[in-house]
Amino acid sequence: MALTKEFKKTVSDRARRDPEFRKALLQEAMNEFLAGDLDTAKIVLRDYINASTQFNRIAKQIHKNDKSVQRMLSPKGNPTTSNFCLLLNAIQKTEGVTFEVNIR
């Protein structure tokens, strides 16, 4: 089922005004990535980046243009491991968070 524009706008609006919600989006993206669901991880990261007011800054940090980053995270996108890691590193710096893995 496709998401409605209203739902996407709601997520985007909340992410713009709520830093904790942005962090939750990032956490969900990383959990999906580590669980092996790259497609969902890319969707959530794309939602985060589209809602982020720092989108251009992230693209510049990894020396890519905006459209290239969007293509990497599109449903058919297939980012290289190095580009994906550069993107995650730039997001950490921009958002002021640190990703860490806990083994239980």
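Me: How much space lies in the largest pocket?

Reply: This is a predicted model, in which local features need pLDDT of at least 70, side-chain atom pairs count only at pLDDT 80 or more, and totals for chains, interfaces and linings use all residues. Residues are numbered from 1 along each chain as its sequence is written, and side-chain values use heavy atoms, with hydrogens and water left out. A pocket is an open set of points on a 1 Å grid over the protein atoms alone, where a 1.4 Å probe fits, with protein on both sides within 12 Å along at least five of seven lines; points are joined across faces, edges and corners, and the volume is the space filled by probe spheres set on them. For the largest pocket, that volume is about 420 Å³.

Me: Which residues line the largest pocket?

Reply: A lining residue has an atom within 4 Å of a pocket point. In this model, the lining of the largest pocket is formed by Lys23, Leu26, Gln27, Met30, Asn31, Leu34, Val97, Thr98, Phe99, Glu100, Val101 and Asn102.

Me: How many residues of the lining of the largest pocket are nonpolar?

Reply: Ala, Val, Leu, Ile, Met, Phe, Trp, Tyr, Cys and Pro count as nonpolar, Asp, Glu, Lys and Arg as charged, and the others, Gly among them, as polar. The lining of the largest pocket has 2 charged residues and 4 polar ones. The number of nonpolar residues in this lining is 6.

Me: How many salt bridges does a search of the whole structure find?

Reply: A salt bridge is a side-chain nitrogen of Lys or Arg within 4 Å of a carboxyl oxygen of Asp or Glu. One of them joins Asp13 and Lys9, and another joins Glu20 and Lys23. Over the whole structure, the number found is 4.

Me: Where do Asp13 and Lys9 lie, and what is the separation between them along the helix?

Reply: Helices (H or I, at least four residues) are DSSP runs, numbered from the N terminus. The side chains of Asp13 and Lys9 meet at 2.8 Å, N to O. Both residues belong to helix H1 (residues 5-17), where they are 4 residues apart, which means a separation of about one helical turn.

Me: Is Lys9 buried or exposed?

Reply: Buried means under 20% relative accessible area, exposed over 50%, and partly exposed in between, with a 1.4 Å probe and protein chains only. Its partner Asp13, at 31%, is partly exposed. Because its relative accessible area is 52%, Lys9 is exposed.

Me: Which helix holds both Glu20 and Lys23?

Reply: The side chains of Glu20 and Lys23 form a salt bridge at 3.5 Å, N to O. Glu20 is exposed at 53%, whereas Lys23 is partly exposed at 34%. The two residues are 3 residues apart, about one helical turn, and both lie in helix H2 (residues 19-34).

Me: Which helices are tied together by Arg22 and Glu95?

Reply: A salt bridge of 3.0 Å, N to O, links the side chains of Arg22 and Glu95. The pair ties together parts that are 73 residues apart in sequence, because Arg22 and Glu95 lie, respectively, in helix H2 and helix H6 (residues 81-95).

Me: Is Glu95 buried or exposed?

Reply: Arg22, the other member of the pair, has a relative accessibility of 15% and counts as buried. Glu95 has a relative accessible area of 14%, so Glu95 is buried.

Me: What distance separates the C-alpha atoms of Ile91 and Ile49?

Reply: Ile91 is part of helix H6. With a relative accessible area of 0%, Ile91 is buried. Ile91 and Ile49 are 42 residues apart along the chain, and the distance between their C-alpha atoms is 8.6 Å.

Me: What is the C-alpha to C-alpha distance between Thr98 and Leu88?

Reply: Thr98, one of the residues lining the largest pocket, is placed in the segment after H6. At 64% relative accessibility, Thr98 counts as exposed. Thr98 and Leu88 are 10 residues apart in sequence, and their C-alpha distance is 9.8 Å.

Me: Which residue is found in the loop between helix H4 (55-61) and helix H5 (66-72) with a positive phi?

Reply: The phi value in question is near 60 degrees, in a residue other than glycine. The residue counts as exposed, at 72% relative accessibility. The residue in this loop is His63.
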